[in-house]
Structures are given as C-alpha cells and as structure tokens.
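This briefing covers a sheet and a ligand site. Please look at the sequence and the structure first.

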Amino acid sequence: MLLTITTTHQPATDLGYLLVKNPARVQEFELSFGKAVVFYPEASEECCTAALLLEVDPVGLVRGRQGPAGEGRQLEQYVNDRPYVASSFMSVALAAVFRTALSGKSKERPELAEAAIPLEATLTALPCRGGEGFLRRLFEPLGYRLDLQRLPLDSQHPEWGSSPYFTVTLAAECRLCDLLTHLYVLVPVLDQDKHYWVGEDEVEKLLRFGEGWLNAHPEKKEITRRYLQRRPSLIRQALARLAAEDTGADEEETSNPDRLEAQMETQIDASASAPGATGEDKPRSLNDQRLEAVLAALRESGARRVLDLGCGEGRLLERLMRQNCFQEIVGLDVSYRAMEIAQRRLHLDRASDRQRERVRLLHGALTYRDRRLEGFDAAAVVEVIEHLDLPRLAAFERVLFECARPGVVVLSTPNAEYNVRWPSLPAGRFRHRDHRFEWSRSEFQTWAEAVAGRFGYTVQFSPIGPIDPEVGSPTQMAVFTRST
Ligand code: SAH
C-alpha cells in the first residue's frame with residue numbers, strides 16, 4: 001500500500017518539517033501488523049513528495065489467533081487484499097507515523113502547519129465500496145479535485161471487468177492536517193472494513209477527527225454508519241452528539257433566523273424610512289424588506305445565473321423563481337432539513353423538467369471549496385455569515401471570493417448597534433441562539449472592505465429596514481462587484 005503526499009509550496013522541502021520526517025533519509029517503523037517506511041521520491045525547492053509505504057503481514061496477523069475467524073475463513077486469511085490496499089491499517093499507520101502532522105502542530109514551522117498550501121495525495125489502491133459516485137461525494141464537498149482511475153480486476157483478463165479499487169489523486173489547497181484527517185476517517189469508510197473491534201472509543205475517535213468538517217458534510221450519516229461498522233447503538237450515539245454540537249443547522253430554529261426578529265417586528269415601523277417602502281397598508285416585515293433589497297440588487301447586477309448560499313427554507317429562491325431574468329438558480333445549505341422545507345415551498349417535486357433544470361438545491365457547506373459553485377454571475381448570502389464560527393470565516397471568504405468567484409456578491413448580516421432598539425432583547429444578547437457574532441456597522445464595513453481588497457472586488461453598503469439616526473438600520477447589506 002502506497003500513499004504519496006506532494007506539495008509545491010515553496011520551499012517544498014518544508015514538507016519534511018511538517019511531517020517531522022527528514023527528506024534525506026529512509027525511515028522504517030515497526031507496527032503491530034507490519035512495517036511502515038517513509039521516504040521522499042522527490043525533494044526539491046519546487047516540489048516535494050513524501051511516500052508512506054505500508055507492508056501489512058497478513059500471515060502474522062492471524063498467527064496465534066483462535067476462534068471462528070481463525071478456522072472457518074482459513075483461505076481468506078492468507079489470500080486477501082489487505083497488504084495491497086488503503087484500509088484501516090493505513091489510518092493506524094498515519095496516526096503512528098505522522099502523529100504531530102495529524103494534530104496540526106509543528107515545532108519548526110508552526111505557521112505553515114496552519115496555512116492552506118497546495119497538496120496532492122495519491123493512493124495507489126483505494127477500495128471503494130459504493131463506486132465512483134460515492135468516492136466523489138465524500139471528497140468533493142471537502143474541496144478536493146479528484147483524479148480517478150479504476151483498476152481492472154486482472155490486467156491479463158480485461159473481459160473480467162473492473163475491480164472495486166481505484167488509484168486516486170486528491171488535490172486541494174488546505175492544511176496538511178486537514179488532508180491527513182480526511183484520509184484518516186474516509187479511507188476506512190470507503191473500504192467498509194476494520195481490522196479491529198469497533199467499540200465506544202471509536203465514536204470518540206470519529207468525533208475528534210471529524211471536528212470542524214463532519215457535521216457539515218452532506219454524507220455525514222453514511223460516513224458515521226460506515227465508520228462505526230453499522231453498529232446501531234454507536235451510530236445513534238455519534239449522530240446525537242453531532243446534532244448536539246451542531247451549529248443548530250438542523251434545528252427548525254436555524255432555518256428561520258428571523259424568529260426573534262419576527263417577534264420583535266411589531267416594534268419596527270417598517271413603512272417609516274425603509275428603502276423602497278410603498279406605503280401599503282400592512283407594513284412589510286423586516287424579512288420581506290431584506291429579501292426584496294437583495295432581489296433588487298441581484299436584478300440590478302444583470303445576473304442570469306445566481307446562487308443563494310445558505311438558502312435556508314428557500315424564501316429568496318421562491319422570489320428568484322418568479323423573475324424570468326434569472327435563468328439558473330441554485331440554492332445551497334448545510335441543513336438538510338431546511339432544504340426539505342425549501343423543496344416543498346418551491347414545489348420542486350411537481351415542477352416541469354424545464355423548471356427543475358432551472359432551479360436546483362445543493363446540500364453542502366460554505367466552508368469547503370465546492371466546484372459546483374463556480375461560474376455563476378452572482379451569489380446572495382443572506383443572514384448567513386453570523387452563523388459561522390469566526391475562525392472559519394477565512395475559509396468561507398476563500399470558498400466564495402477566491403474559488404466560486406461570482407461577478408457579484410450580495411451579502412447581509414444584522415447590525416448589532418440596532419439591537420438596543422429592541423427592548424425585548426436583553427442587552428448583550430444576539431438576535432438568534434445560533435449566531436456566533438453580530439457586527440456593528442464599522443466592524444462589518446472593515447471586514448467587507450478588507451475582503452474586497454484581498455480578492456479584487458469593490459464593495460458598497462446599504463441599510464435595510466427603518467433607519468435610526470443613532471444606530472442605523474436593523475440589517476446591513478454589502479454588494480461586492482468583481483473588479484479584476
Ligand atoms: N438565507 C436564508 C436563511 C438564513 S439562516 C434566509 O435569509 O432566509 C442561515 C442559514 O445558513 C441556515 O439555513 C443554515 O443552515 C445555513 N448555514 C449555516 N452555516 C452554513 C454553512 N457552513 N454552509 C452552508 N450553510 C450554512
């Protein structure tokens with residue numbers, strides 16, 4: 001079994017510091033099931049590749065073992081794929097041989113360990129129970145570009161067809177510890193086998209290594225099921241804990257960010273100075289005003305293909321659908337539950353083929369690069385950023401402004417200064433339980449201007465809702481326009 005990890009981040013030989021393995025030496029490690037060898041087929045300033053070669057000893061594994069598995073499956077013990085393929089043995093080897101790198105630490109290059117760098121990992125034989133589609137569904141939402149080659153069952157006998165094994169190359173700009181962690185968890189998930197007894201500590205391991213990405217992964221359930229070898233009690237335990245530590249994304253409450261605002265809305269004289277107020281009898285809710293302001297900005301941009309990122313229950317999508325100028329409309333959210341509600345709201349199950357082609361819902365997370373989001377004219381991000389943990393905001397910025405890179409981004413977030421105008425909101429409290437932060441106007445503008453500057457956009461700000469002379473409007477909106 002061979003795993004190679006390559007970087008072109010210069011000086012590329014710094015990879016040796018991150019892995020704590022000297023590129024000039026071949027090193028061997030004895031493991032309980034065989035031997036791991038680390039060496040560098042290439043180590044130059046421009047490009048450096050570290051290789052982990054694993055020699056699993058299948059005979060040594062069963063020698064001395066007793067019981068049913070030791071008797072009934074004699075042949076299988078000697079003739080199996082374990083020595084050749086990436087499996088749970090590889091995860092154990094990764095944890096043993098690259099322990100420091102896996103933990104994201106580096107004594108010699110601490111900043112580099114924290115940095116997203118160009119990385120490529122190749123697994124020569126990855127068993128993939130679930131086919132190419134599943135392989136893609138596991139890695140693509142995490143931001144990897146995949147290069148796959150399905151291996152034949154026997155190259156001497158092409159008529160026997162293909163094997164379940166792939167040679168896989170994963171490429172991304174990410175931290176080395178992210179790459180190693182994803183491999184650590186997902187290789188045994190693909191293999192669907194483990195060489196050791198799966199008990200409760202496996203739940204801990206999954207949650208520990210899944211931290212920061214598993215909860216938002218569209219295949220979270222299947223990953224959990226397979227990682228825990230389909231043991232129902234463990235799966236229930238893991239999923240319950242994931243749900244508890246969830247951003248609340250699967251809670252009904254999250255998909256209705258305005259619940260508190262809605263309760264407070266009677267206190268807003270919406271028709272007072274709202275932009276575009278029409279003087280109708282019934283004052284429009286803040287939510288309506290917000291969606292209309294976003295819709296107006298999208299229309300004004302001339303966009304035809306639009307994204308609604310963090311689309312929630314699909315309130316903006318519903319409005320976008322009514323406008324013929326939008327030819328392709330894609331909503332994305334991390335909450336499956338919210339998307340089910342969106343699906344019903346938009347009647348997508350009953351829609352014509354044309355409409356179904358025009359409007360699509362994607363399950364995904366905004367903190368991981370997603371190729372499906374590339375090539376759009378505009379993106380709306382309405383009341384979403386305040387749901388992201390501040391340390392993950394930088395990842396979101398890159399996913400949106402560097403990778404997806406739409407021509408226009410219309411983004412809204414609460415204006416924290418306005419909170420004092422809501423007597424029912426205790427001082428210092430956020431408007432929603434799942435909000436990780438709420439920004440003042442100057443905080444939002446400083447952030448938005450820095451993002452615009454960094455990624456080649458210009459930005460303009462508008463208030464949404466009634467404007468208070470002291471504290472501004474309840475919602476603030478930024479419209480970013482790509483300038484380079
Ligand atoms: N834009 C919608 C919903 C806003 S609520 C509206 O204005 O009505 C915030 C939404 O962001 C929720 O639906 C939540 O599931 C989603 N969300 C939170 N974190 C996310 C992430 N990392 N990736 C994608 N969506 C996310």
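Seven strands (DSSP runs of E, at least two residues, numbered from the N terminus) form an open sheet with mixed pairing, in the order β10-β9-β8-β11-β12-β14-β13. Two strands count as paired if DSSP finds at least two bridges between them. The model is predicted: local features need pLDDT of at least 70, side-chain atom pairs count only at pLDDT 80 or more, and totals for chains, interfaces and linings use all residues. Residues are numbered from 1 along each chain as its sequence is written, and side-chain values use heavy atoms, with hydrogens and water left out.

**Sheet**
- β10 (359-363) and β13 (457-464) are the edge strands; each has a single partner strand, so one side of each lacks a neighbour in the sheet.
- On average, neighbouring strands are turned by 15° against each other, direction ignored (axes are lines fitted to C-alpha atoms, for helices over the stretch in contact; angles run from 0 to 180 degrees between N-to-C directions).
- β13 and β14 (residues 475-482) run antiparallel and are joined by eight bridges.
- Phenylalanine 461 is opposite alanine 478 in β14.

**Ligand site**
- The ligand is surrounded by 17 residues (a heavy atom within 4 Å); Gly310, Gly312, Asp333, Leu366 and Val382 are the closest.
- Nitrogen atoms of the ligand lie 2.9 Å from a backbone N or O atom of leucine 366 and 2.8 Å from a backbone N or O atom of valine 382.
- A polar backbone atom of valine 334 is 3.4 Å from a nitrogen atom of the ligand.

Methods: Helix = DSSP H or I, 4+ residues; strand = E, 2+ residues; numbered from the N terminus. Polar contact = N/O pair within 3.5 Å; in protein donor to acceptor, adjacent residues only side chain to side chain.
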